[in-house]
Structures are given as C-alpha cells and as structure tokens.
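This report describes a single protein model, moving from an individual turn residue to its surroundings and then to the whole chain.

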Amino acid sequence: MSKNIKFYNKVILSLGMNIFVFVSPIFAASFVATVDRSKVSLNDQIELSLTASGGRALDPGLQDLKDFEIKSTGTSSNVQIINGNISSSEVYNYRLLAKHSGKLVIGSITTQIDGKSYSTKSITIEVEKDNSSKNANKNDLVFVTAQVDNLNPYINQQVIYTFRFYRKVQTQNNQLSYPDFKNFWSEDVGKEIQYDKDLNGERYVVTETKKALYPNEIGKLDISPTVLNANIIFKDNNDDFGGIFNNMRSEPKRFMTNVIKLNVLQLPENKPKSFINLIASDLSVTFELSPKNNFKAGDSLTLNIKIKGRGNINDIKKLPLKIKDAKIYEDKSSSKSYLEADKLITEKDFKYSIIPLKKGKLDFNDFKMFYFNVISKKYEPLTTKKISINVNKSDDPNFVESNNTRQNKIPKKQTSIDIADIHQSADDIKDQSINSSEIIFYLLWLIIPVIIYIFLLIGKKGIKLKSKSNKNIYKQVIHEINNLDLNKNENFYKTIFGILTFYLMNRFKIKDLNNLKYDLELNKIPNEYSEQTIKLINQFEYLRFSGDNIDQIKRQEILNSTKSLLNNLEESKK
C-alpha cells in the first residue's frame with residue numbers, strides 16, 4: 001500500500017515538472033496596457049487596464065500621468081487552461097480623466113515580473129472639447145453651470161460664485177471639486193440647497209452651492225472650472241429578459257463648468273489717510289454699553305461695537321477708540337456670516353472693558369474711518385455717534401481719581417502702556433506725544449499719586465518693603481512673594497502688583513510706569529524681558545479692575561511667572 005502511494009507521488013511530481021517545463025516557454029512574461037477607447041470628449045472617462053502575465057508582478061503604482069487625473073478601480077486575477085496549458089495574469093484597472101483637450105499621451109509604464117523589468121507601449125488619446133456646459137437650456141440628462149454676480153469687481157470686493165448641478169435622472173457617487181481660486185480669497189456661503197426647476201418643459205432636480213470670493217489682484221483674472229464626477233444611472237435597454245427585472249446600469253461621467261473671466265478694477269487714487277482697506281456696502285454700526293446705568297469710577301464697563309455689512313468686514317482688526325479719563329482694555333473680537341438676499345452679510349463684534357478714572361461726564365468720542373462704498377463708488381466715512389454717560393464717585397476709599405485732561409500722551413520717543421490689551425503684544429502700542437509746556441505738570445501729576453498709591457497698598461497689606469542696597473532688593477521681593485498666602489484671594493492682584501512695582505522703581509530707578517518700556521531700554525534690559533514685564537503688568541491691571549476670581553492653581557501660575565520675570569530682570573542687571 002505504501003509502495004503504491006510513493007509511486008503515485010512520483011507520477012504527480014513528474015507531471016508537474018513536465019507542465020512547468022512546457023508551459024514556461026509557451027507563456028512568456030508580458031506587460032500590456034489597453035484602454036476602452038482612444039477618442040473621447042473632455043468630460044468622458046477612460047478605462048485603463050495594465051495586464052501582467054507569465055509570472056509574479058509588482059504593482060505598477062500608476063502615478064505620473066501629468067495630463068490625466070488617476071483613480072484606481074481595483075485589481076483582478078485570471079487563470080486559463082488551454083489545450084492543457086496553464087496561464088495566469090494580474091490586471092490593474094484605473095479610471096482616467098483628461099485635464100484638457102488635445103492629443104494626450106499615456107506614456108510607457110514599467111513594472112517587474114519575477115524580478116525582470118517590463119514596459120508597456122505608449123497610447124495616444126484624442127480628447128475633444130465638450131461644450132455641454134455652455135447650454136444650460138438643452139435637454140441633457142445631466143449638466144452643470146457656474147456664474148458670478150459681478151464680472152467687473154473692485155479689488156477685495158465681494159463676488160458671489162454660484163455652482164448648480166442639474167439632473168433629471170438618478171446619479172450616485174457624486175464628487176465635487178472646486179478650483180483653487182488662485183488670486184482670490186474665498187469663504188463658504190451657507191449650506192448647499194436642493195430644489196426642482198422646469199427647463200423647456202422638463203423637470204430637473206438642482207443642487208446649488210455658493211462661495212464668496214474676494215479678488216486680491218488687479219486686472220484680468222480667470223476662475224477655473226469646477227469639476228463634478230458622477231455615475232449616471234440608466235435603464236439597461238439590452239436586457240435579455242425583456243425588461244422583466246428592470247436592470248439598471250451606471251456610467252461614470254465628468255462635468256465641468258466654463259472658465260469665468262473677471263476684470264478686476266483698481267480703487268480710485270484719492271484714498272483718505274484713514275482708509276482701512278474696507279470695500280463694502282450696506283454698512284451699519286451699533287453700540288451697546290453694560291451696565292446701562294449707575295456707573296462708578298474704577299468699576300468695569302463693557303462696551304460692544306458691532307459693524308455689519310456686505311464686504312471684507314473681517315479685515316478690520318482694530319478700531320481707533322479713544323476715551324478721555326478712562327482706561328481701555330480690548331477683548332478678542334468675534335464675527336459671524338450668513339446669507340441674506342443672496343448676499344453674504346458679515347457681523348463683527350468688538351468688545352472692550354472700560355475703566356472710568358474719575359467721576360463726572362465721560363465722553364465716548366466718535367471715531368472716523370474711511371471705506372470704499374461699491375454702490376456710490378466713493379470713499380465714505382464709517383462714523384459712530386457720540387455717547388456720553390455720567391460717572392459717580394467710586395465706592396472704594398483707596399481709589400485715587402485722575403485729574404488728567406489728556407489720555408495716553410507721553411514725551412516723544414517713549415512708549416505708553418496706559419491703554420493695555422492683554423491679548424496684544426507691546427509692539428502694537430504706538431508712540432504719542434504732548435508739547436513741552438505740559439511735561440512738568442504731567443510728571444508731577446503722575447508720580448505723586450503713584451507713590452501715594454504704592455505706600456497705601458503695601459501698608460494696607462502689612463508688607464514691610466524698604467529700599468536697601470541693590471543686592472537686597474531682589475531678596476526682599478522674592479521673600480515676600482514666597483510668604484504670600486495663596487488661599488486668600490482678596491487683594492491678591494493688588495499685593496503682587498505692589499511688590500513688582502516696588503522692585504522696578506527701586507532696582508531700576510523707574511519713576512513712571514507709563515514710560516516703562518523706554519526706561520527698561522535705558523537700563524539695557526533685553527527686549528524679550530521688557531515685553532514680558534509690560535505684558536504681566538497689563539495682566540495685573542486688567543484683573544484688578546475686572547474683579548475676576550481665579551483658583552489657587554492659577555494664582556500659583558501667576559506667582560511663578562512673576563518670580564521668573566524677576567529672576568530674568570535681576571540676571572540681566574548683573
């Protein structure tokens with residue numbers, strides 16, 4: 001029995017070897033490229049098959065066809081036995097979309113079969129222009145269109161781009177590809193909508209999307225085609241069973257809109273000095289102040305300014321808001337956009353915390369900025385109405401009122417930190433000046449209240465800081481910071497602000513915090529530490545007046561930041 005098994009194994013092995021010997025020469029390795037058609041329209045897709053036979057082939061990884069868009073549609077295997085001869089092959093399938101019309105070449109493609117290189121022959125495809133997108137009224141089963149609401153906009157003017165997809169048959173696997181909108185800034189306009197529309201007595205389902213475009217170059221600009229790839233579902237008229245089973249077939253198609261040509265105009269040359277590069281229409285400005293009454297010196301008021309209109313509203317970064325006898329802390333702005341009568345409307349909110357420095361009448365002076373009105377084709381002012389409120393005396397007995405009649409005015413070549421923004425860098429704070437006759441009065445007014453305030457502040461907390469030698473000042477303030485009780489939130493900001501101020505005034509002989517950046521430069525403090533100092537003081541100022549409570553972890557972070565800053569300042573002074 002075992003002898004018979006061995007005999008049969010030898011026979012099978014012998015037959016296998018003979019098959020291998022005779023099959024190999026007959027079915028030599030090959031690599032061939034074929035297409036389903038060599039003449040197509042621009043919107044048609046091409047099926048490309050790469051067949052590797054006669055051995056184990058590596059995936060060719062089709063990538064470099066510059067004139068075509070490429071999508072892999074899978075791989076299949078074939079095994080054939082003809083007259084006792086066995087052959088096998090691997091077929092790599094791709095779907096190609098021509099990027100432009102003309103005679104396009106699918107170049108030679110190379111792969112390896114059993115370690116040897118094989119290449120296909122090149123194939124020429126004739127691609128004709130397709131004008132179906134030009135005829136929106138024709139009775140096509142499917143077509144697409146694109147249009148803009150203005151072919152001659154000004155630079156940075158809003159242009160609404162509308163894409164529509166018409167179909168009266170079912171489609172599937174729809175893939176929409178917008179162009180890159182070169183030389184335009186773009187944003188989406190709402191969500192896509194779908195509705196029915198009658199064209200020449202035919203009912204179409206229409207899908208519509210919109211984008212807002214803002215041209216950033218002057219002259220002739222092109223908006224490239226938007227491309228839609230879709231599978232069109234047809235009833236199969238070649239059904240062998242007479243349509244009993246309602247067989248359907250799908251055909252992949254590509255649809256492209258036309259190129260849209262714009263002529264972008266330059267703005268008139270007579271630009272006002274306060275022009276803010278805003279190109280818009282239908283602008284409005286509204287104010288909202290909170291609380292609405294019972295204002296007190298030293299208390300924080302919230303001012304909201306809303307600018308609404310059609311245009312590049314988001315390009316407005318800051319407003320030139322100035323208020324005498326008050327500190328201004330600018331919060332982060334916010335915006336929202338929505339569709340209104342087929343136009344993109346933008347609302348941008350600017351939020352400020354306002355700290356009145358004295359009782360009496362507080363005027364919110366009107367500011368003036370110029371924008372270009374695309375309807376009147378003129379530069380027009382964006383103005384606000386003047387608002388006045390009555391401020392009562394502060395309830396805080398330690399609050400020192402300001403008698404200054406000017407705000408944020410300092411000697412030339414010096415930088416003010418009086419208007420602080422905890423969200424902005426020190427580089428954003430601009431130089432401002434007063435005339436020489438006011439300097440003496442200004443310095444006297446500023447120095448005396450600051451000194452009195454510091455002594456009252458420190459005395460109230462029982463912190464015993466005395467001016468000693470330069471070496472001991474740093475040790476003093478670090479000792480006081482280390483002894484602070486983090487569990488007590490009351491007057492936390494005032495205390496640490498007083499410690500930092502004491503160090504700056506005694507270690508660097510700084511008499512005026514409003515000139516801090518300039519004085520630190522005189523002391524040869526690196527710009528990095530100077531900005532760090534200004535940012536921390538601004539933060540203290542804001543938190544002191546806002547009345548916000550923070551947890552112990554946050555207070556510890558503030559203490560660590562202060563100690564780190566003091567260490568950096570001390571090291572730079574050595």
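N200 is exposed, with a relative accessible area of 55%; here exposed means over 50% relative accessible area, buried under 20%, and partly exposed in between, with a 1.4 Å probe and protein chains only. The model is a predicted one, in which local features need pLDDT of at least 70 and side-chain atom pairs count only at pLDDT 80 or more, while totals for chains, interfaces and linings use all residues. Residues are numbered from 1 along each chain as its sequence is written, and side-chain values use heavy atoms, leaving out hydrogens and water.

**Backbone particulars**

N200 lies in the loop between β14 and β15. Helices (H or I, at least four residues) and strands (E, at least two) are DSSP runs, numbered from the N terminus. Most residues other than glycine have a negative phi, and most peptide bonds are trans. N200, although not a glycine, has a positive phi of about 55°. A positive phi also occurs at N183, and a cis peptide bond leads from S290 to P291, as tabulated below.

| Site | Backbone value | Location |
|---|---|---|
| N183 | phi near 70° | loop between β12 and β13 (184-188) |
| N200 | phi of about 55° | loop between β14 and β15 |
| S290 to P291 | omega near -5° | P291 in the loop between β20 (275-290) and β21 (295-296) |

N183 counts as partly exposed, at 29% relative accessibility.

**The β14-β15 hairpin and E208**

The turn that holds N200 belongs to a hairpin of β14 and β15, with two residues between the strands. Strand β14 (residues 193-199) pairs with β15 in the antiparallel sense over seven bridges; two strands pair if DSSP finds at least two bridges between them. L199 stands opposite E202 in β15.

Strand β15 (residues 202-215) also contains E208, a buried residue with a relative accessible area of 8%. Its side chain makes polar contacts with the side chains of R164 (2.8 Å) and Y195 (2.8 Å). A polar contact is a pair of N or O atoms within 3.5 Å; within protein, one must be able to donate a hydrogen and the other to accept it, and residues adjacent in sequence count only if both atoms are side-chain atoms. Leaving aside residues up to four places away in sequence, E208 touches T162, F163, R164, E192, I193 and Y195, where contact means heavy atoms within 4.5 Å.

**An open sheet**

Three strands, in the order β12-β17-β18, form an open sheet with antiparallel pairing. Its edge strands, β12 (171-177) and β18 (248-256), each pair on one side only. Five bridges join β12 to β17 (residues 227-235), and T171 has I232 in β17 as its bridge partner.

**Helix α7**

Helix α7 (residues 552-573) has 22 residues, which at 1.5 Å a residue should span 32 Å; the end C-alpha atoms are 32 Å apart, in agreement. The expected span is 1.5 Å times one less than the number of residues. Among the buried residues of α7 are I558, L559, T562, L565, L566 and L569, together with the polar or charged residues R555, N568 and E570.

**The protein as a whole**

The secondary structure comes to seven helices and 29 strands. Of the 574 residues, 42% count as buried. Among contacts with a separation of 6 or more, 71% are between residues 24 or more positions apart. The protein exposes about 32600 Å², of which carbon and sulfur atoms supply 49%; accessible areas come from the Shrake-Rupley method with a 1.4 Å probe, and for residues only the protein chains shown count as cover.
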